[in-house]
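Welcome, and thanks for taking a look at this one. Below is a short tour of a single protein, arranged by topic so you can check each point against the coordinates.

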Amino acid sequence: MNTVYRLAACSTFKVNKLVNIFFLLPKLISEKIMKLLRRLFLVSSFLLLCQATFATNVVFYCVQNQGAYEKAGEITTRIEDFVFDAFFDLGLITGNVPFTENNEETLQNVQDAQKALEYPSDYILIINAAYSKQPSIDKKTNEKFAQVEKVDYALFNVKTEKFIFQKTAKFTRCETKNDLLKKLEKVNLDIIKNVTKRVAQGA
């Protein structure tokens, strides 16, 4: 299993306050305004990032349970894309181990990720999404979609060989795929917020 690395320019330990502002902006803001604010955020982040004396490397590994409904991979890929884009925008050097299906414990997934790494990493983020085996039917579109039951996520410090935090987000059953994606976005935001906060603290 090869590690896929996608690098950003530099890193910081001082962007935590900006993260909360940027990622929690109301969704009613128009797309053009969002793009402008995004650019302003990146410029502000860059000025802070340039003060960093060294870069921080965060590798993440998404896992989904075996036997999940076949379309679960679409949701897991969304999580991967969101996390990578957020880390990249914040200036973290980031990469990911391609997602797999297994029912292993979080620590075993950390060990699997370490074996797959081609370069050293400061932190490993494990995101484990558990899906129902049977599809749900969207009440508005009649489309089949994968129902998320919970998402476990944990940040592991490679140097200290200890977990910095471990959290679980439980999902109630969603009537539509759109409702599911909205809930998932909140979880994604919480993942980024927690990771950035701990990395900024040098945990």
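The protein exposes about 11,100 Å² of surface, and carbon and sulfur atoms supply 54% of that area. Please keep in mind that this is a predicted model. Buried residues make up 46% of the 203 residues in the protein.

**Overall layout**

- The secondary structure comes to 5 helices and 8 strands.
- Following the sequence from start to end, you will meet these elements in the pattern β-α-α-β-α-β-α-β-β-β-β-β-α.
- Among the contacts in the protein with a separation of 6 or more, 74% join residues that sit 24 or more positions apart.

**Helix α5**

- Helix α5 covers residues 177–200, which is 24 residues.
- From its first C-alpha to its last, α5 reaches 34 Å, close to the 34 Å expected at 1.5 Å a residue.
- Which residues of α5 are buried? They are K177, L180, L184, V187, N188, L189, I191, I192, N194, V195, T196 and V199.
- Just after α5 comes G202, which takes a positive phi of about 70 degrees.

**Salt bridges**

As general background, side chains of opposite charge can pair when their charged atoms come close.

- How many salt bridges does a search of the whole structure find? The search finds 5.
- One of them joins E74 and K177, with the closest N and O atoms 3.7 Å apart. E74 lies in helix α3 (residues 72–89) and K177 in helix α5, so this pair ties together parts that are 103 residues apart in sequence.
- The two partners differ in exposure class: E74 is partly exposed, with a relative accessible area of 43%, whereas K177 is buried, with a relative accessible area of 16%.
- E74 and K177 also belong to a network of salt bridges that includes E143.
- A salt bridge between the side chains of K139 and E175 has an N to O distance of 3.2 Å. K139 lies in the loop between β5 and β6 (144–145), and E175 in the loop between β8 (162–170) and α5, so the pair ties together parts that are 36 residues apart in sequence.
- K139 counts as exposed at 63% relative accessibility, while E175 is partly exposed, with a relative accessible area of 40%.
- D190 and K167 meet through their side chains in a salt bridge as well, at 3.1 Å from N to O. Here D190 lies in helix α5 and K167 in strand β8, so the pair ties together parts that are 23 residues apart in sequence.
- Both D190 and K167 are partly exposed, D190 with a relative accessible area of 23% and K167 with 32%.

**The loop between β4 and β5**

- S132 is found in the loop between β4 (123–131) and β5 (136–137). Is S132 buried or exposed? At 11% relative accessibility, S132 counts as buried.
- The side chain of S132 reaches the backbone oxygen of Q134 at 3.0 Å.
- Leaving aside neighbours within four places in sequence, S132 is in contact with A68, Y69, Q147 and E149.
- P135 is found in the loop between β4 and β5 too, and P135 is partly exposed, with a relative accessible area of 23%.
- What does P135 touch, not counting residues up to four places away in sequence? P135 touches Y69, K144 and F145. Y69 is also among the contacts of S132.
- The C-alpha atoms of P135 and A72 are separated by 9.1 Å, although these residues are 63 residues apart along the chain.

**Cysteines**

In general terms, a disulfide is a covalent bond between the sulfur atoms of two cysteines.

- The structure holds 0 disulfides.
- C62 is buried, with a relative accessible area of 1%.
- C174 is buried as well, with a relative accessible area of 4%.

Note on methods:
Residues numbered from 1 in each chain as written. Predicted model: local features only at pLDDT ≥ 70, side-chain atom pairs only at ≥ 80, totals over all residues. Heavy atoms only, no water. Disulfide = S-S within 2.5 Å. Buried < 20%, exposed > 50% of the residue type's maximum accessible area, 1.4 Å probe, protein only. Helix = DSSP H or I, 4+ residues; strand = E, 2+ residues; numbered from the N terminus. Polar contact = N/O pair within 3.5 Å; in protein donor to acceptor, adjacent residues only side chain to side chain. Contact = heavy atoms within 4.5 Å. Expected span 1.5 Å × (residues − 1). Salt bridge = Lys/Arg side-chain N within 4 Å of Asp/Glu carboxyl O. Areas by Shrake-Rupley, 256 points an atom, 1.4 Å probe, with all protein chains shown as cover.
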